[in-house]
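Trainee: I have a structure open in front of me and I am not sure how to read it. Could we go through it together?

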Amino acid sequence: MLPSSIQISGEPLSGAEVRDICRGLRDNAVRLLSLRGCRLCDRDFGRICRALAGATSLAQLNLNLGVVSSPSRIKQLAEALRTNRSIQSLFLHGSPLTDAGLALLNPALALHPALVALDLGDCMLGDEAINLICGLLPPDGAKSGLKELTLSANPGITPKGWSRLAIAVAHSSQVRVLNLDYNPLGDHVAGMLAVAVASSRTLEVLDLEGTGLTNQSAQTLLDMVENYPTALRSLVLAENSISPELQRQICDLLSEGEEEEEVAAGAGDDTRERERRRGSSSWMCPSDPGSQMVLMTSGLGDNLLAETEM
């Protein structure tokens with residue numbers, strides 16, 4: 001049986017439902033488990049954590065909106081993650097982790113071999129948490145790290161913390177999506193992020209919705225997009241004090257870059273196809289009834305033909 005998904009939102013979980021969830025995890029029949037905003041007792045939360053520890057099919061775990069609501073639950077989740085090897089995406093948005101809670105969870109996150117997406121939005125984090133999160137964005141040449149990171153709505157993080165994150169993003173060889181929406185970043189932090197984007201070879205999506213930006217930071221971002229080749233494809237600037245004209249110019253430049261890449265990729269495909277057709281043929285030696293059809297490709301095929309004729 002193929003792994004399925006269990007998605008329950010905003011409901012109290014009965015003992016029978018918890019047993020079914022645990023059974024599905026133990027049988028490796030669950031690929032996605034979402035208990036967003038669900039209410040359950042500490043005992044049942046512990047049972048689910050013990051079951052997901054050994055689950056090998058579980059790829060996505062959503063415990064958003066207060067499911068991980070206490071230090072004891074954070075410790076139970078951390079213990080499960082230390083054993084689990086399959087979870088790729090972990091969503092804890094709206095959990096009251098605080099810096100202390102993330103410190104409990106961080107060792108398991110840092111050592112997890114499969115984790116590539118992490119949502120810590122609205123988790124009451126500060127600068128100490130940023131120091132830990134930067135360790136999940138290792139620099140080029142180091143171990144693999146996060147590809148998607150969400151830190152929305154964590155107003156306790158100061159410009160000092162954001163500057164540290166910007167440096168980590170600039171040097172990360174992995175991160176592709178960064179969601180920082182609804183944080184009071186302001187133009188100064190946006191300038192640092194522009195430098196990080198210009199330096200990054202992988203960042204494709206940056207969400208800065210509702211972050212207190214003005215035309216000043218928009219102009220900096222426009223200059224970055226216009227003058228520096230980056231991997232950026234999407235820049236969200238809604239709900240900021242930025243003129244529609246500047247937003248449109250940035251959007252147009254990003255769209256042009258994407259279209260140029262698509263055209264270049266298409267041309268490369270066409271070229272490879274022409275080379276394949278020109279250099280590929282079927283050849284059979286007529287004097288040898290036992291010979292087999294040989295598929296000749298450009299370069300290699302010529303060598304095969306020459307060797308056969310010798």
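Mentor: Let's start with the whole chain and then move to single elements and residues. Keep in mind that this is a predicted model.

Trainee: How many helices and strands does the protein chain have?

Mentor: Counting the elements is a good way to begin. Here the protein chain has 10 helices and 11 strands. Of its 310 residues, 45% are buried. You can also ask how far apart in sequence the contacting residues are. Among contacts with a separation of 6 or more, 81% are between residues 24 or more positions apart.

Trainee: What is the strand order in the open sheet?

Mentor: To read a sheet, walk across it from neighbour to neighbour. This open sheet has 9 strands in the order 1-2-3-4-5-6-7-8-9, with parallel pairing. Strand 1 and strand 9 (234-236) are the edge strands, as each pairs on one side only. From one strand to the next, the twist averages 5 degrees.

Trainee: Which residue stands opposite Leu 33 in strand 2?

Mentor: Here you look along two paired strands. Strand 1 (residues 4-7) and strand 2 run parallel and are joined by 4 bridges, and Ile 6 stands opposite Leu 33. Strand 2 is mostly covered, with 4 of its 5 residues buried. Now try another pair: strand 7 (residues 177-179) and strand 8 (residues 205-207) pair in the parallel sense over 3 bridges. There, Asn 179 stands opposite Asp 207.

Trainee: And where do the side chains in a strand point?

Mentor: In a regular strand they alternate between the two faces of the sheet.

Trainee: How many residues does helix 2 have, and what span does it reach?

Mentor: For a helix, you can compare its span with the expected one. Helix 2 (residues 42-53) has 12 residues and reaches 17 Å from its first C-alpha to its last, close to the 16 Å expected. Its buried residues include Phe 45, Ile 48 and Leu 52. The buried residues of helix 2 pack against helix 1 (15-26), strand 2 (30-34), strand 3 (60-62) and helix 3 (71-83).

Trainee: At what angle do the axes of helix 1 and helix 2 cross?

Mentor: They cross at roughly 10 degrees and come within 8 Å. Angles under 35 degrees count as roughly parallel, so helix 1 is roughly parallel to helix 2. The residues of this contact divide into 7 nonpolar, no polar and 4 charged. Among those in helix 1 are Val 18, Ile 21 and Leu 25, and the helix 2 side includes Asp 44, Arg 47 and Ala 51.

Trainee: Let's try single residues. Is Cys 134 buried or exposed?

Mentor: Look at the relative accessibility, where under 20% means buried. Cys 134 has 11%, so this residue counts as buried. Cys 134 is found in helix 5 (residues 127-134). Leaving out residues up to four places away in sequence, Cys 134 touches Arg 164, Leu 165 and Ala 168. Cys 134 and Ser 172 are 38 residues apart in sequence, and their C-alpha atoms are 9.3 Å apart in space.

Trainee: Then what does Ser 217 touch?

Mentor: Its contacts are read in the same manner. Ser 217 lies in helix 8 (residues 215-227). With residues up to four places away in sequence left out, Ser 217 touches Asp 187 and Ala 190. The relative accessible area of Ser 217 is 3%, so this residue is buried.

Notes
Residues are numbered from 1 along each chain as its sequence is written. This is a predicted model: local features need pLDDT of at least 70, side-chain atom pairs count only at pLDDT 80 or more; totals for chains, interfaces and linings use all residues. Side-chain values use heavy atoms; hydrogens and water are left out. The expected span of a helix is 1.5 Å times one less than its number of residues. Buried means under 20% relative accessible area, exposed over 50%, partly exposed in between (1.4 Å probe, protein chains only). Contact means heavy atoms within 4.5 Å. Axes are lines fitted to C-alpha atoms, for helices over the stretch in contact, and angles run from 0 to 180 degrees between N-to-C directions. Angles under 35 degrees count as roughly parallel, over 145 as roughly antiparallel, 65 to 115 as roughly perpendicular and the rest as oblique. Ala, Val, Leu, Ile, Met, Phe, Trp, Tyr, Cys and Pro count as nonpolar, Asp, Glu, Lys and Arg as charged, and the others, Gly among them, as polar. Two strands pair if DSSP finds at least two bridges between them.
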